[in-house]
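Reader: I have the model open on my screen and would like to know what lies behind the words people use for it. Could you take me through them?

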Number of protein chains: 2
Amino acid sequence: MTDTSGADTDLALLDAYWRAANYLSVGQIYLLDNPLLQRPLRPEDIKPRLLGHWGTTPGLNLVYAHLNRIIRARDLDVIFIAGPGHGGPAVVANTYLEGTYSELYPHVTPDTDGMRALFRQFSFPGGIPSHAAPETPGSIHEGGELGYSLLHAYGAVYDNPDLIAACVVGDGEAETGALAASWHSNKFINPARDGAVLPILHLNGYKIAGPTVLARLPEDELLQLLAGYGHAPVVVAGDDPATVHRGLAAALDRAFDDIAAIQREARAHGFQRRPRWPMIVLRTPKGWTGPKEVDGHPVEGTFHAHQVPLGGVRSNPAHLAQLEAWMRSYRPDDLFGHEGRLRADLAALAPVGPRRMGANPNANGGLLLRGLDMPDFRDYAVMVDRPGGVDAEATRAAGRFLRDIMARNDRSFRLFGPDETASNRLDAVFEVTDRMSAAEIRPSDEHVATDGRVMEVLSEHLCQGWLEGYLLTGRHGFFSCYEAFIHIIDSMFNQHAKWLKVTRQIPWRASIASLNYLLTSHVWRQDHNGFSHQDPGFLDHVVSKKAEIARVYLPPDANTLLSVVDHCLRSRDYVNVIVAGKQPSPQWLDMEAAERHCAQGLGVWSWASTDLNQEPDAILACAGDVPTLEALAAADLLRRHMPEARIRFVNVVDLMTLQSPSEHPHGLSDRDFDALFTRDRPVIFAFHGYPSLIHRLIYRRSQPSRFHVQGYREEGTTTTPFDMTVLNGIDRFHLAGHVLDHAPRLQPKSGHLRQLLRDRLAEHHAYVRAVGEDMPDVAGWRWGG
Amino acid sequence: MTDTSGADTDLALLDAYWRAANYLSVGQIYLLDNPLLQRPLRPEDIKPRLLGHWGTTPGLNLVYAHLNRIIRARDLDVIFIAGPGHGGPAVVANTYLEGTYSELYPHVTPDTDGMRALFRQFSFPGGIPSHAAPETPGSIHEGGELGYSLLHAYGAVYDNPDLIAACVVGDGEAETGALAASWHSNKFINPARDGAVLPILHLNGYKIAGPTVLARLPEDELLQLLAGYGHAPVVVAGDDPATVHRGLAAALDRAFDDIAAIQREARAHGFQRRPRWPMIVLRTPKGWTGPKEVDGHPVEGTFHAHQVPLGGVRSNPAHLAQLEAWMRSYRPDDLFGHEGRLRADLAALAPVGPRRMGANPNANGGLLLRGLDMPDFRDYAVMVDRPGGVDAEATRAAGRFLRDIMARNDRSFRLFGPDETASNRLDAVFEVTDRMSAAEIRPSDEHVATDGRVMEVLSEHLCQGWLEGYLLTGRHGFFSCYEAFIHIIDSMFNQHAKWLKVTRQIPWRASIASLNYLLTSHVWRQDHNGFSHQDPGFLDHVVSKKAEIARVYLPPDANTLLSVVDHCLRSRDYVNVIVAGKQPSPQWLDMEAAERHCAQGLGVWSWASTDLNQEPDAILACAGDVPTLEALAAADLLRRHMPEARIRFVNVVDLMTLQSPSEHPHGLSDRDFDALFTRDRPVIFAFHGYPSLIHRLIYRRSQPSRFHVQGYREEGTTTTPFDMTVLNGIDRFHLAGHVLDHAPRLQPKSGHLRQLLRDRLAEHHAYVRAVGEDMPDVAGWRWGG
């Protein structure tokens, strides 16, 4: 065991460093001016609006300072993840003390003027947010929506053998679903190949107003819980700084010793069995070193310390005096010279260069990002000699492409998904890798290995959080998910989209790989599961985010899917959502046509159209694989039974082309839009998702009320594939009927066809309920057949 | 200790009952006809599409049969929650065996014809879903989206002292975030007042294709984990039925003894300290008693048993023979008479009447529902002598109303929220109750008690799941949440909305109380938190669900909020979403006007209008408290600086009035809509959420492109309240400018006002960045001031 915890004199220096960080944190919350207290505080030195979270801040400062010590002592590669990231002042203070902040924000100089700027900008209009955020050096984690810290930490260390993610977990966030599940992430770490996560569970006892669950467990029960999670916890507790410094230094030494030993062993002799990873439980008072009482009420150690302990500083002289005493208790004169520079012996405590946690390139992962080594997606083409001439499973084709990407990028690409890789027919990847597991593996398991690169766990939260951490540290990934259940991470998607939106405005943040979703086992083919598994609404959710971030693709067949996957894996800083089915289906486009179609994003399929470049009677439009099939079958019905109808057939792959270019960069110009959709002809639109999404996208286009959109109407159960389309009115018979309803020129002669459509629907209803299958000539319908 | 586990002869009967349930389960998956195998199986007896999940089913059948035994023996009140609810055949089979099914579905008779109907309908077009679902007697839990079983169980037993929820937790679902967090629900149970939950963790080892995390923990680690969760686990493991029967019977006896002892103690002497609640770990093979091998591959005990173990039964004679052998292994002749009736001695094993788990009224909670005893909401009115004449915090007024509802309904109403009751200014409720905690309570805690009725935990999943369980068993509740983070339960909302939609079509399901959300700390007032806390998109999400379920209200002030809350708490079978701010704001309507306005859902505010019942130049519309304030300030600017402008001011409370009546039952008729909004005048609409939502709602109205909607544009940070509106263009200056832009009659004379608007915006930008506060005349603006 390496003892680097040093003598008490070293800990006294460390304590001074901690005091400096605490001082800077309080300053950020309160001060507009007089940063070094070189004169008595006056009301006008105080911000008019006091915003921020003090309660968690001293704990974060403590951990950061101690990590600095051990990084220096052992030359470690460590990033800091502040689970209670609303303690933003702490991360800002520490990156300022270590010098990173001034390097990235040169106007925040390491002197009195800089300190004034540092204080003023915090939670101030035109300044920086109150949380650890994209603006914060060294952060890959926004501390607003709680629960994802451990997931980001684990994602960061996959395939990062030298990296250790020190992750402070707040006892508030520990109550969330995502955090509670993420403790088991240690079953997915291979110490021979991956780095390590050091969880530091910070029990300060309170959330906003109530006690936390974990802080109120009897200690033996808490230790059982953490041991049950697979950890060897060390408890550091107290409210006496010297005692806690000694305890925390020793605990960190031991933890890093244990991590080193685990990794040494696995790297020397190969992975043998899942180790018991170290972790630290840090139990210190909320708002430690802050006011003990305010107006006679206890504050330190209670929930009253959560945000701003002294509220009336500008108007209440007693509060002002108490603030001044509080700040002076950190002895700023002793910490900073009169020019506001940190004492040299304290500055020397921080690591240097990229070892500083604020400057670690893993926390600005775009710096480390290398493009994927990708084979030519055209090599995976399904041969299509004529539209509908062959059947294929789209995701199976994508799986072969992903397999070879996986093989060529075996340290920078992973697949994530809730136990559905095979079910979603991406199982070609198992030719080159396996599911990852560091737990016991049994003979009855298939494709499970300690060095697998497919991350399967029945938690969309874990998949999403790991992938975010992996991307944010400069790697690539792909998340395949049942369409309905991707809603489980709606809010995580929100936060990642917000992160990307903000990073685009920060010059020093380098671009990262896009977050790619493949939504399959989609609404139209839930044969085994029914209504609970039918929900295409994630598209609506994604489209509400900033247009510069969100991309949605609905490839109608395998070759278009391949082209879209290739495009998405090369893109940066987006969220790409791809919806594609896994069932055997007719293929429409050969690879050349597919590539051209995807490049345009949408287009006329002339082989399915009968308008001969004349003004059409109606446009039949579609987006999504099942709607495309039904729309083509409807076009076929019209062609056969009403040859005089002039129908233009339009397929949409890139959904955002529909939106006005003033609203989305992919939006088609009005001129091009009108060339496709005309300005006034009726459009019968068969859509994969909720119809309202199309209405919302096209509302600025010419005569939006001529768009008659059929999509998922929230009707479903366990039934046949074609019956699902009938239940929701996007089947071929309804679609053809809508064309007749809305194309005035066709109406006089439509009686015969209308009767046929009604008869076929009645026939379907009778057949499916009697036989339990779709009618053979419907299920077996093929274009041109 | 009560030993009711009986002799081996009793267990032999129980085994026969289990075999009967297994037989009926296999029959549901496979058979169209020949239900009793009275002749050799033929291909035409087999369903053409084989759909369902066998793997988990025998375990569910086992637990159900054993619960029957103990319910009878002890006359217990138990509901059954099937976490792995995709094992739907099990719950259907058992409710059929106990007689409930035939009572609710009279065509499914307890004889051969009924058994044929039972088999045929399963996962068959026009039949029943493959999961435990609303159609399933005794279920309050859809088994599609995994993770919520324990939460529903806990919600069911709050204030239900005699009820025990036996909850089977699958080892797949145990990996989800919601389930992982929900183990700690036992910190929120008071055995003196509440019922009990008996978790039965069913480790069958596999998910769809991979091993599960919990099944691969070494047993000592698993037991530490469960002890850490606060449970005393008993393990029952094996693959020999006789052994497992004995073990499970004994384990259940012990568990129910322990529950009884805990409750007796707490009810006799009051709650002393959190008990260690019993639980059972049941480790049995996946697909137990099914085919051991198929085509040479092991099936029983592996993931291959997950869905349909024998796939080719119709076309492969060997599979057909194997299915027949499998079904005959249950000895149907021994179980059912030749008329298909369950043997009398087996039928006698089930409980009778409402003690049957399929007939327990708690699982059809509407049967038990009683309306809330509610005071008159008008008694909580804020006195408003003239519009804008007084300031108030809307949620504080609602809090007083909720306080008195809480006091009057102290066994049937609870508040749920993630530690935000006080922060959201509903703290009047703490005058009559407290936060609930069964954990250690310390002197520094405030309003925390073992008999509290405010359920606070920092997990939206837990709040939502508990509330769902509480509502589904016939009680009332209210969920208050930060607006942005309600997205965390988007998918849970989906599933509950789907549940409500289906139950409306099931005659025997009685109506339950609506699920009420109060979204506060909303997008416009995230002063402490910034961008991560700014997301109004839950409204978009809710609106995508069935119109018959979803209701959205945006009361602009305290009195309208009171009226809306009253309305929502009296409603049934809806999801009501209320968005209302908590900050002090001007009040617009006295109670009489508020009530009238809410009853209409929207209306002209004539006191803010200048159109004098003439054709207006423009309509200024608004929905939401902050948009209403800004729209009124814009109207004020126009009135003062352009007195000739004829502006009609419309406020919308019930968002769904905007939608066409063909799409939503609250939709205003086109005639009434046009009377308010005209057919062609420009509408400048200031909206609380994303602008696209309004476009989506009004797209069927006359000339939708004349609606110019300003709302949240996904721009934000930690800044001042007014600056937030400016960042997103819904501030008074931009709104007034849009009126000028779009009202042709006003444009010629608009130069002066345009300049003033530009100047004021510039002034704002300079002021807020210099001072850190909003300009006094903006922040202090009052109508008529």
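Author: Let us start where the chains meet: in this predicted model, the contact takes 118 residues from chain A and 118 residues from chain B.

Reader: How do you know that the copies meet through the same surface?

Author: By comparing the two sides: 100% of the interface residues of chain A are also interface residues in chain B, so the surface used is the same.

Reader: What makes the relation between the chains that of a two-fold axis?

Author: A turn of 180°, with a shift of 0.0 Å along the axis, lays chain A on chain B with an RMSD of 0.0 Å. That is why we speak of a two-fold axis. If you want to find the axis on your screen, look for Gly177(A): its C-alpha, at 2.0 Å, comes closest to the rotation axis among the residues of chain A.

Reader: How much area do chain A and chain B bury between them?

Author: About 9600 Å², with 53% of it on carbon and sulfur atoms. In chain A, the residues that lose the most area to chain B are Arg216(A), Leu458(A) and His528(A), which together make up 8% of what that side buries.

Reader: Why is the pair Lys545(B) and Glu714(A) called a salt bridge?

Author: The rule asks for a side-chain nitrogen of Lys or Arg within 4 Å of a carboxyl oxygen of Asp or Glu. For Lys545(B) and Glu714(A), the closest N and O atoms are 3.2 Å apart, so the pair meets the rule. Across the interface of chain A and chain B, the rule finds 16 salt bridges. Residue pairs in polar contact between the two chains number 62.

Reader: Which element gives the most to the side of chain A that touches chain B?

Author: That is H15(A), with seven residues. Other elements that give two or more include helix H7 (177–182) and helix H24 (751–771) of chain A.

Reader: Now for chain B. How do you know that the span of helix H13 (residues 394–408) agrees with what is expected?

Author: At 1.5 Å a residue, its 15 residues should span 21 Å, and the end C-alpha atoms are 22 Å apart, so the two agree.

Reader: And what makes H13(B) mostly covered?

Author: Buried means under 20% relative accessible area, and 11 of the 15 residues of H13(B) are buried. Among them are Ala394(B), Phe401(B), Leu402(B) and Arg403(B). Their cover includes strand S8 (391–393), strand S13 (476–482) and helix H17 (558–570) of chain B.

Key. Residues numbered from 1 in each chain as written. Chains lettered and ligands numbered in written order. Predicted model: local features only at pLDDT ≥ 70, side-chain atom pairs only at ≥ 80, totals over all residues. Heavy atoms only, no water. Helix = DSSP H or I, 4+ residues; strand = E, 2+ residues; numbered from the N terminus. Expected span 1.5 Å × (residues − 1). Buried < 20%, exposed > 50% of the residue type's maximum accessible area, 1.4 Å probe, protein only. Contact = heavy atoms within 4.5 Å. Least-squares fit on C-alpha atoms with pLDDT ≥ 70 in both. Buried area = accessible area lost by both parts, 1.4 Å probe. Polar contact = N/O pair within 3.5 Å; in protein donor to acceptor, adjacent residues only side chain to side chain.
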